[in-house]
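Please take a moment with the sequence and the model below before reading on. The paragraphs after it are meant as a guided walk for someone who has not seen this structure before.

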Amino acid sequence: ACSRHTAQPANMAAPAVKEFEGLLATLTSSRSKISAATKLCFQDTKLWPTMFDRLARQIVKTPAGSREPLFYLLDSVCQNAAKQNNSDYLSVVSKELVGLLGLADIATNTKLAKVVQGWRKPHLFGDAEITAATANAASALSAMVSKYTGPGPAVVQTFPLRVKAMFDLTPNTAGQLKLTVGEEVIAERFLDENWYEGFTSSQPETRGMFPVTYVEVIGPVAKAPTEAEQKHQTTEQKKPQPAAAATAAATATARPAHPTTTTTTT
């Protein structure tokens, strides 16, 4: 059976978790990217269950033929945890090992089969545990998918939406938008739960997609007033202000009268 971890809600996640989500969204098999993501996982031991939750969700929603970089990252984390004798990290993975092996599809994916073969070593999960997990992988697959699939955190649905880039993004596929840290971007719509489509304020003529996890929401774009609304505002501004008139009247009433001089004859 798959155990459930208590992970931080995405809108309250630590900066390291937000950065990790951004890396997962564009992860490749590049050693530098795998290394950067692994390093983030070890910044705070307490965050590892949350990091694993994000990684597992990314594995589940990624098509089977594109999961290799994610499993390479998981392997990197496990290997580093073993070197540091950090059983906390390995225990989190071990609880989900059966479902993970089902998602790895090692029967047909030779690259991931080699990764799992390395997990048979005693300092990782051991031969007996991997053998047992492999035997039950198919039956646990649906449970793993069910656990790590579902609606994401609530997001503002009002478009167009002002957002600010939290990370640099260099496009690696056609249609991606280049982002610079701190730059304001206008998100026009969701492509899916992970991607916005929009444009940067500096280059409104260039539209493209960018990961939701790479930006933070500022708020909806202010709507320009209609012609009718502008006329109404002008009319209201020309009207005398009741509050100001009342204040002036009250001041006049409260003003003391001129003093009267009395002459006394002795």
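What follows moves from the chain as a whole to some of its helices, then to a few single residues, and finally to a pocket.

The model is a predicted one, and its chain holds 11 helices and 5 strands. Of the 266 residues in the chain, 37% are buried. Among the contacts in the chain with a separation of 6 or more, 63% are made by residues that stand 24 or more positions apart.

A good place to begin is helix H5, which covers residues 87-95 and in which Tyr89, Leu90, Val92 and Val93 are buried. These four lie on the same side of H5, because the arc that they cover around the axis is only 155 degrees. The background to this is that an α-helix has 3.6 residues a turn, so residues three or four places apart point the same way. As for the partners of this side, the buried residues of H5 pack against four helices, namely H2 (31-41), H3 (48-61), H4 (68-83) and H6 (97-104).

The N-terminal end of H5 is capped by Asn86, which places a side-chain oxygen 3.2 Å from the backbone nitrogen of Asp88. In the loop between H4 and H5 lies Asn85, a residue that has a positive phi of about 55 degrees although it is not a glycine. Asn85 counts as exposed, because its relative accessibility is 69% and the cut-off for that class is over 50%.

A positive phi in a residue other than glycine is also found at Asp105, where the value is near 50 degrees. Asp105 belongs to the loop between H6 and helix H7 (110-118), and with a relative accessible area of 35% it is partly exposed.

Helix H9, made of residues 137-147, can be read in the manner used for H5, and here the buried residues are Ala137, Ala140, Met144 and Lys147. Seen down the axis of H9, these buried residues fall within an arc of 75 degrees, and therefore they line one face of the helix. The face of H9 that is turned away from this buried side carries Ala138, Ser139, Ser142 and Ser146, which are exposed. On the buried side, the residues of H9 pack against H3, H6 and helix H8 (127-135).

Helix H3, already met as a partner of H5 and of H9, is also the place of Gln58. Is Gln58 buried or exposed? With a relative accessibility of 15%, Gln58 counts as buried, because that class takes in residues under 20%. If residues up to four places away in sequence are left out, Gln58 touches Leu24, Ala25 and Leu70.

The last stop is the second largest pocket, whose volume is about 160 Å³. Its lining is formed by Glu19, Gly22, Leu23, Thr26, Lys33, Phe167, Asp168, Leu169, Thr170, Asn172 and Tyr214. Which helix gives the most to the lining of this pocket? That is helix H1, covering residues 15-25, which contributes 3 residues. Sorted by character, the lining of the second largest pocket divides into 4 nonpolar, 4 polar and 3 charged residues.

Methods:
Residues are numbered from 1 along each chain as its sequence is written. This is a predicted model: local features need pLDDT of at least 70, side-chain atom pairs count only at pLDDT 80 or more; totals for chains, interfaces and linings use all residues. Side-chain values use heavy atoms; hydrogens and water are left out. Buried means under 20% relative accessible area, exposed over 50%, partly exposed in between (1.4 Å probe, protein chains only). Helices (H or I, at least four residues) and strands (E, at least two) are DSSP runs, numbered from the N terminus. The arc is that of the directions from the helix axis to the C-beta atoms. Contact means heavy atoms within 4.5 Å. A polar contact is a pair of N or O atoms within 3.5 Å; within protein, one must be able to donate a hydrogen and the other to accept it, and residues adjacent in sequence count only if both atoms are side-chain atoms. On a 1 Å grid over the protein atoms alone, a cavity is a set of points where a 1.4 Å probe fits but cannot get out, and a pocket is an open set with protein on both sides within 12 Å along at least five of seven lines; lining residues have an atom within 4 Å of a point. Grid points are joined across faces, edges and corners, and a volume is the space filled by probe spheres set on the points. Ala, Val, Leu, Ile, Met, Phe, Trp, Tyr, Cys and Pro count as nonpolar, Asp, Glu, Lys and Arg as charged, and the others, Gly among them, as polar.
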